[in-house]
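Hi everyone, thanks for coming. Please have the sequence and the viewer open while I talk, and stop me whenever something is unclear.

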Amino acid sequence: MQQKITGFHQDDEQHWVAELACGHFQHVRHQPPWINRPWVISGEGRRSMLGHILECRKCDTGAPADNKPNAL
Ligand SMILES: [Zn+2]
């Protein structure tokens, strides 16, 4: 299911995680040369992706909503 990005946070390993409108989280790693998301490195880049659509596989499987591991 396609969902909009509503925010971002970092997990325990400092990887960026997108927060989706459906309440699910999805990692948006930048691991060149395999995964290239240079926009995730900068605050400006992340802000430019707010409202962008990601395919949420958790919605397709009916997974419960994710919760932030630690409140920031
Ligand atoms: Zn979802």
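I'll start with the whole chain, then go to the metal site, and finish with a few residues in the loops.

One thing to keep in mind from the start: this is a predicted model.

Let's begin with the overall picture. The chain has two helices and four strands. If you walk along from the N terminus, the elements come in the order β-β-β-α-β-α. The radius of gyration is 12 Å, and the globule rule gives 11 Å for 72 residues, so the chain is as compact as a globular protein of that length. You can get a feeling for the dimensions from the C-alpha trace, which spans about 30 × 25 × 20 Å along its principal axes.

What share of the 72 residues is buried? The answer is 29%. As for the surface, the chain exposes about 4,900 Å², and 51% of that comes from carbon and sulfur atoms. Now think about which parts of the sequence meet in space. Take the contacts between residues at least 6 apart in sequence: 48% of them join residues at least 24 apart.

Now please turn to the zinc ion. Which protein residues are its donors? They are Cys22, His24, Cys56 and Cys59. The cysteines each offer their SG atom, while His24 uses ND1, and the donors lie 2.0 to 2.3 Å from the zinc ion. If you want to find them in the sequence, look for the spacing C-x1-H-x31-C-x2-C.

That spacing has a nice consequence in the fold. His24 sits in the loop between strand S2 (16-20) and strand S3 (25-27), and Cys56 sits in the loop between strand S4 (53-55) and helix H2 (57-60), so this pair ties together parts that are 32 residues apart in sequence.

Why do we call the arrangement tetrahedral? The four donor atoms subtend angles of 103 to 118° around the zinc ion, and that makes it tetrahedral. For comparison, the ideal angle for four tetrahedral donors is 109.5 degrees.

Are these donors buried or exposed? Let me go through some of them. His24 has a relative accessible area of 4%, so it is buried. Cys56 is buried too, at 1%. Cys59 comes out at 18%, and it still counts as buried because the cut-off is under 20%. With cysteines around, you may also wonder about disulfides: the count comes to zero.

While we are here, have a look at Gln3. You'll find it in strand S1 (residues 2-10). Gln3 is buried, with a relative accessible area of 13%. What does it touch, leaving aside its neighbours within four places in sequence? Its contacts include Cys22, Cys56 and Cys59, and those names should be familiar, as they belong to donors of the zinc ion. The others in contact with Gln3 are Leu20, Ala21, His52, Ile53 and Leu54.

Let's move on to the loops, where there are two backbone details to point out. As background, most residues other than glycine have a negative phi, and most peptide bonds are trans. Now look at Gln14: it is not a glycine, yet its phi is positive, at about 70°. Gln14 belongs to the loop between S1 and S2, and with 52% relative accessibility it counts as exposed.

The second detail is at Pro32 and Pro33, which are joined by a cis peptide bond with an omega of about 5°. Pro32 is in the loop between S3 and helix H1 (43-48), and Pro33 is in the loop between S3 and H1 as well. At 44% relative accessibility, Pro32 counts as partly exposed. If you would like to try the distance tool, the C-alpha atoms of Pro32 and Ile53 are 22 Å apart, and these residues are separated by 21 places along the chain.

Stay in that loop for a moment. Pro38 is also found between S3 and H1, and at 52% it counts as exposed. Ile41 has its place in the loop between S3 and H1 too, and it is exposed at 57%. Leaving aside its neighbours within four places in sequence, Ile41 is in contact with His30 and Arg46. Its C-alpha atom is 9.2 Å from that of Arg29, a residue 12 places away along the chain.

That's my tour, so now it's your turn to ask questions.

Terms used:
Residues numbered from 1 in each chain as written. Predicted model: local features only at pLDDT ≥ 70, side-chain atom pairs only at ≥ 80, totals over all residues. Heavy atoms only, no water. Donors = N, O, S within 2.8 Å, 3.2 Å for Na, K, Ca; no water. Tetrahedral: all angles 85-135°; square planar, octahedral: opposite > 155°, others 65-115°. Buried < 20%, exposed > 50% of the residue type's maximum accessible area, 1.4 Å probe, protein only. Rg over C-alpha atoms; globule rule 2.2 N^0.38 Å. Contact = heavy atoms within 4.5 Å. Areas by Shrake-Rupley, 256 points an atom, 1.4 Å probe, with all protein chains shown as cover. Disulfide = S-S within 2.5 Å.
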